[in-house]
Protein chains: 2
Amino acid sequence: MDERVREHAEVLVDWSARVEPGDDVVVGVAEGAHELAVAVVEKLGDVGANVVTTYDSAEASRAYLRAHDGDFGAGDHELALYEHADVVLRLGGGRNTTALADVDGDTRGAYSRARTDLREARMATDWVSTVHPTRSLAQQAGMALEEYREFVYDAVLRDWEALAERMAEMKAILDEGSEVRLVTERDGRPDTDVTMSVDGRTAVNSAASVAYDSHNLPSGEVFTAPYGTEGEVFFDVPMTINSTRVRGVRLTFEDGEVVDYAAEQGAAAVEDVLGTDAGARRLGELGIGMNRGIDRVTDNILFDEKMGDTVHMALGRAYDANLPEGESGNDSAVHVDMITDVSADSRLEVDGEVVQRDGTFRFEG
Amino acid sequence: MDERVREHAEVLVDWSARVEPGDDVVVGVAEGAHELAVAVVEKLGDVGANVVTTYDSAEASRAYLRAHDGDFGAGDHELALYEHADVVLRLGGGRNTTALADVDGDTRGAYSRARTDLREARMATDWVSTVHPTRSLAQQAGMALEEYREFVYDAVLRDWEALAERMAEMKAILDEGSEVRLVTERDGRPDTDVTMSVDGRTAVNSAASVAYDSHNLPSGEVFTAPYGTEGEVFFDVPMTINSTRVRGVRLTFEDGEVVDYAAEQGAAAVEDVLGTDAGARRLGELGIGMNRGIDRVTDNILFDEKMGDTVHMALGRAYDANLPEGESGNDSAVHVDMITDVSADSRLEVDGEVVQRDGTFRFEG
């Protein structure tokens, strides 16, 4: 076994999920994540946790969803499993990122709605999602397997404590600030110019650990839940939304709500998202990518949104961790991230002061 | 997909487990059983059951067991899963039948003991074990993969109702009888001569369906829970116990308990089993193989013990179905089957009357 697989497992169990002896842990294993599963379960044995491994097979899900009449139930047994779990580790890494392509949207929607309680139970645990580098993900990224492995481990095997300290500076600025403005130029002309309020909201220093309210490995972003968005924003990083390739999305906001949109490619997918519910037309997240171990777009949101020199915004659901205690924010059924490159011709301002210019943060000197 | 994989899934879900709409089903998937898992989950979607798939990876188990300090707990989450399940389907078929070879016996024993409640909860469901034909199992059987597939489907895709009728005759004889005696000769000299009581016990007509208290697919045996075993028995069919090759086991019983043992090969594995607990030194099962679709030894107990012309006995745990209502029998943490060939130079007697001589049953005429 590549020693980095074991290191990945160690970061996941120790740093990210903070697993303790006697914890009841569910490990979800995607079809291609066997090797990482072995390393993670080995580490959990070492810690003295109790483990259930679930088989998260996209091909099995497809077969189930297509055979079912659509009147989905939710298993008491599955609910009981997650309600009694302390930690849920999801090891992604399938064998085909489009394995569910021929399951229709209504079926997916019905299945997802039937599983609301299950999802809540899982999200009430110390859950962490990560991925094992598989051929399928390498292909989605346009990379060779070995090259993709380097990419994944560069992103995952970081000095997370050092990054958390750097990100704490960005968090402090957002927590103390009231208004965020992002301005970019393209070909010498104004492109994005958008403002939003973050007053009263708490930013998350997403340092890939439940100790930081952060549930992704890799992570490396600071995010908050904005409101009152005004202006225009252009997302130039390509992405896949519900299996559709989307590129060059422009959104126009008034009073916090999208009033106009356009896309160079995949406009119908954007329209579908916006039509889901009222929350889908408002932002649920503003995120600032700070993981410089992620140096390129790989068409996988787990990595893309954390990339250094990018800012992303999500239409839809907000995270509770950003909201004042007990307050509920955007409760949309969707959460769709879109990313913009800020490496050049850009500035991010908080209350009129420039925090990041052309990708360089003020506190980086 | 080979159409027989779908037929296998149908027999498993409809005939064996009798799954109904809304049932909460756990499907355990061994490393090599993906294809069968897809077919089974598809069938469960069609029926309208709720499904959790667990990943039963031998390599992950090995890693966990070797890393753990041996003071095993049992997860509340796993217990809750099985306590809330209606049906548990275990799809065997790994990639290496000796994947756990370097886990020591003490560790296995401690782990097994810690999981007693989990096992009870699982066995309180309508559980069924089957296997998908993998290269590893073909190799263990000394067969090519295609040849092994034929073997497995010959054993599994049978007229189960017809076999159930034939086995009912054997069950009636055991239910009415008090004492069973097995005598075999080898090279013209007495080899096995063992007696045991079955008085008050109920034999199971194991027709591969929970409707018959039968939990294996394939099945095709009649078994009961004997006690008061006396004498000597020689098991000439080679087998694998906890990844160790075992051959030619001789057990000597007094007062129901093993007082002496020997093995031509793998004696240490037999010793480990006998040392687990008090129940491991007593029989939990006497079984009579009646599936003539299984025509050879393949070093897989699921098949071998059902083979026509064989009798097997298990050290350890007894099945509740054999016991008077509310009575608990052998509650050992282990259940290890050993098989003896009765195709020649043998007779099986019940209360002094020969029921099977040289493999032919009295009622077969």
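## A walk around the two copies

Start by selecting T54(B): of the residues of chain B, its C-alpha comes closest to the rotation axis, at 2.3 Å. What you have open is a predicted model, where local features need pLDDT of at least 70, side-chain atom pairs count only at pLDDT 80 or more, and totals for chains, interfaces and linings use all residues. Residues are numbered from 1 along each chain as its sequence is written, with chains lettered from A and ligands numbered from 1 in the order in which they are written.

Now show both chains. Chain B lands on chain A after a rotation of 175° with 0.3 Å of shift along the axis, at an RMSD of 1.2 Å (a least-squares fit on the C-alpha atoms of residues with pLDDT of at least 70 in both copies). The two copies are thus related as by a two-fold rotation axis. They meet through the same surface, because 100% of the interface residues of chain B are also interface residues in chain A.

Next, hide chain B and colour chain A by secondary structure. You'll find eleven helices and 18 strands (DSSP runs numbered from the N terminus: H or I of at least four residues for helices, E of at least two for strands). Of the 365 residues of chain A, 50% count as buried, meaning that 20 or more other C-beta atoms, placed from the backbone, lie within 10 Å of the residue's own.

Colour chain A by domain: domain 1 is 3-156 and domain 2 is 160-364, with bounds from an automatic or database domain assignment. Their C-alpha centres lie 25 Å apart. Where they touch, 21 residues of domain 1 of chain A are in contact with 18 of domain 2 of chain A (contact: C-beta atoms, placed from the backbone, within 7 Å). On the domain 1 side, the elements giving two or more residues are α1 (3-16), β4 (126-131), α7 (135-141) and α8 (145-156) of chain A. β4(A) gives the largest share, six residues.

Which residues of α1(A) are buried? Select H8(A), A9(A), V11(A), L12(A), V13(A) and S16(A). The buried residues of this helix pack against α2 (34-47), β3 (87-92), β4 and α8 of chain A. From first C-alpha to last, the 14 residues of α1(A) reach 19 Å, close to the expected 20 Å (1.5 Å times one less than the number of residues). Last stop: R18(A), which follows α1(A) and has a positive phi, near 50°.

Conventions
Contact = placed C-beta atoms within 7 Å. Buried ≥ 20, exposed ≤ 12 C-beta atoms within 10 Å, placed from the backbone.
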